[in-house]
Amino acid sequence: MKKLFVLFAVATMSLSIYSCRETTEEKTEDAVESMGEDMENAAEEAGNEMEEAGEEVEAAAENAENEMEQEVEEEVNETDDNA
């Protein structure tokens with residue numbers, strides 16, 4: 001009877017240790033997957049923000065070009081008026 005109890009205790013401990021190991025592996029795997037998804041989302045967000053910044057720079061450059069053309073035209077017209 002004593003041997004049967006010891007055998008049962010050892011079997012129970014083995015199963016619980018194996019179960020804990022599996023749970024730890026699953027949690028680690030889930031954490032790694034979550035990190036990967038977070039990194040992917042952050043990269044996508046950074047890409048979107050870079051694209052928006054590029055569009056803003058392009059719009060600012062176009063605006064500056066238009067202002068310069070307008071200033072040049074005004075200067076040319078002023079020179080012609082004074083002559």
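This briefing walks through the overall form, the surface and a few individual residues of the structure above. Please keep in mind that the model is predicted. The protein contains one helix and zero strands, and helix α1 covers residues 2–82. None of the burial you might look for is here: 0% of the 83 residues count as buried.

**Overall form**

- The radius of gyration of the protein is 36 Å, whereas a compact globule of 83 residues would have one near 12 Å.
- Measured out along the principal axes, the C-alpha trace spans about 120 × 10 × 5 Å.

**Surface and charge**

- About 7,900 Å² of the protein is accessible surface, and carbon and sulfur atoms account for 58% of that area.
- The protein carries 4 positive and 28 negative charges, and the mean positions of these two sets lie 60 Å apart.
- A nonpolar patch on the surface is formed by Met-1, Leu-4 and Leu-7, which together have about 410 Å² of accessible area.

**Leu-7, a member of the nonpolar patch**

- Leu-7 belongs to helix α1, and it joins Met-1 and Leu-4 in the patch described above.
- Leu-7 counts as exposed because its relative accessible area is 56%, and the cut-off for that class is over 50%.

**Arg-21**

- Arg-21 is another residue you will find in helix α1.
- With a relative accessible area of 44%, Arg-21 is partly exposed, since that class lies between the 20% and 50% cut-offs.
- Arg-21 and Glu-78 are 57 residues apart along the chain, and 85 Å separates their C-alpha atoms.

**Glu-49 and Met-50**

- Both of these neighbours in numbering sit in helix α1: Glu-49 has its place there, and Met-50 lies there too.
- Glu-49 is partly exposed, because its relative accessibility is 47%.
- Met-50 has a relative accessibility of 63%, so it counts as exposed.
- From Glu-49 to Asn-77 the C-alpha distance is 42 Å, with their positions 28 residues apart in sequence.
- From Met-50 to Asp-38 the C-alpha distance is 18 Å, and the two are 12 residues apart in sequence.

**To take away**

- In short, this predicted model has one helix and zero strands, with a radius of gyration of 36 Å and 0% of its residues counted as buried.

Key. Residues are numbered from 1 along each chain as its sequence is written. This is a predicted model: local features need pLDDT of at least 70, side-chain atom pairs count only at pLDDT 80 or more; totals for chains, interfaces and linings use all residues. Side-chain values use heavy atoms; hydrogens and water are left out. Patches are made of residues with over 30% relative accessible area and no salt bridge: like charges are joined within 9 Å, nonpolar side chains (Val, Leu, Ile, Met, Phe, Trp, Tyr) within 5 Å. Accessible areas come from the Shrake-Rupley method with a 1.4 Å probe; for residues, only the protein chains shown count as cover. A salt bridge is a side-chain nitrogen of Lys or Arg within 4 Å of a carboxyl oxygen of Asp or Glu. Helices (H or I, at least four residues) and strands (E, at least two) are DSSP runs, numbered from the N terminus. Buried means under 20% relative accessible area, exposed over 50%, partly exposed in between (1.4 Å probe, protein chains only). The radius of gyration is taken over C-alpha atoms; the globule rule is 2.2 Å times the number of residues to the power 0.38. Lys and Arg count as positive and Asp and Glu as negative; His and the chain ends are not counted. The place of a charge is taken as NZ of Lys, CZ of Arg, CG of Asp or CD of Glu.
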